[in-house]
Amino acid sequence: MRKKLVTLMMAGLIGISVVACGNNENIQSEKTNIENESVDAEATPEEIQEGAPESVESVDVVETDPTDDNASYEHKSALKKAYAYSELMHMSKAELYNQLTSEHGEKFSAEAAQYAIDTMDVDWNANALEKAKYYSELMHMSKAGIYDHLTSEYGERFTADEAQYAIDNIEADWNANALETAKSYQEMDMSPEAIRDHLSSEYGEKFTQEEADYAVDNLE
């Protein structure tokens, strides 16, 4: 009997509370919550989908065996885990490697993790785009804020080219994102001008001045 899949949570999809989306610590704390969770390498595709939270769109996880018959059990297991994380969580190459080798993650050897990264066939641009959609739709981040978090060493660790692909191809209403973020600051009893400044600040939400103005002008 195959072991049951330990529930895999996409960062922030359950119980997320965003007040200041521009603060990487808030986002990183949501990611940390999943680092102790584990995807079962022996789980079937059906079990992977059953174990995913309801808010994650159902995906078909293809159970892929390495073509190298000489690969060790650890290498094959690392590859299966890597595919599961990529399919369900759209991780970057660097973030996936860290998850596979982390003491708080899968604890694979560096060699097994690198084998998985080198062997798997993944569209990293597509993963970056899915992550960008997540930050836009659930956290209402700005274009610049999403790009920074996608590429950050403390964020998703996509390459600059992958992050730019995501930004170039995402369909988002940045004015609407700015307005939703402004509402969260309004609930903190901030003044309109303070909200405007934080929305457009390089150290805040990094919306354009026009987007910040739209948000403040449309607060009720």
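Long-range contacts dominate the count in this predicted model: among contacts with a separation of 6 or more, 67% join residues 24 or more positions apart. The fold behind that number is built from helices, with 11 of them and zero strands. Walking along the sequence simply gives one α after another, in the pattern α-α-α-α-α-α-α-α-α-α-α. Of the 220 residues, 45% count as buried. The accessible surface comes to about 11,500 Å², and carbon and sulfur atoms hold 45% of that area.

Turning to the inside, the largest nonpolar core has 20 residues. Within this core, the residues that touch the most other members are Leu 79, Ala 82, Leu 96, Leu 100, Ala 116 and Met 120. Three helices each give two or more residues to the core, namely α3 (73–89), α4 (93–101) and α5 (110–119). Helix α3 supplies the largest share, with seven residues. There is also a second core, separate from this one, made of 15 residues; Leu 129, Ala 132, Ala 163 and Ala 166 are among them. As a rule of thumb, nonpolar side chains in soluble globular proteins tend to be buried together.

Leu 100 is a handy place to start looking around the larger core, being one of the residues that touch the most other core members. Leaving aside residues up to four places away in sequence, Leu 100 touches Ala 78, Lys 81 and Ala 82, then Glu 106, Lys 107 and Phe 108, and finally Ala 113 and Ala 116. Two of these partners, Ala 113 and Ala 116, turn up again in the list of buried residues of α5. The rest of that list is Ala 112, Tyr 115 and Ile 117. As for what they lean on, the buried residues of α5 pack against α3 and α4, the other two helices that give two or more residues to the core.

Further along the chain, helix α9 (residues 174–186) packs with helix α10 (residues 192–200). Their axes sit 10 Å apart and make an angle of about 130°. That value falls in neither the roughly perpendicular range of 65 to 115 degrees nor the roughly antiparallel range over 145, so α9 and α10 count as oblique to each other. The crossing of the two helices is right-handed. On the α9 side, the residues at the meeting point are Ala 178, Thr 181, Ala 182, Tyr 185 and Gln 186. Helix α10 answers with Ile 195, His 198 and Leu 199.

Conventions: Residues numbered from 1 in each chain as written. Predicted model: local features only at pLDDT ≥ 70, side-chain atom pairs only at ≥ 80, totals over all residues. Heavy atoms only, no water. Core = buried A, V, L, I, M, F, W, Y, C linked by side-chain atoms within 4.5 Å. Buried < 20%, exposed > 50% of the residue type's maximum accessible area, 1.4 Å probe, protein only. Helix = DSSP H or I, 4+ residues; strand = E, 2+ residues; numbered from the N terminus. Contact = heavy atoms within 4.5 Å. Areas by Shrake-Rupley, 256 points an atom, 1.4 Å probe, with all protein chains shown as cover. Axes fitted to C-alpha atoms, helices over the stretch in contact; angles between N-to-C directions. Parallel < 35°, antiparallel > 145°, perpendicular 65-115°, else oblique. Left-handed = near helix turned anticlockwise from the far one by under 90°.
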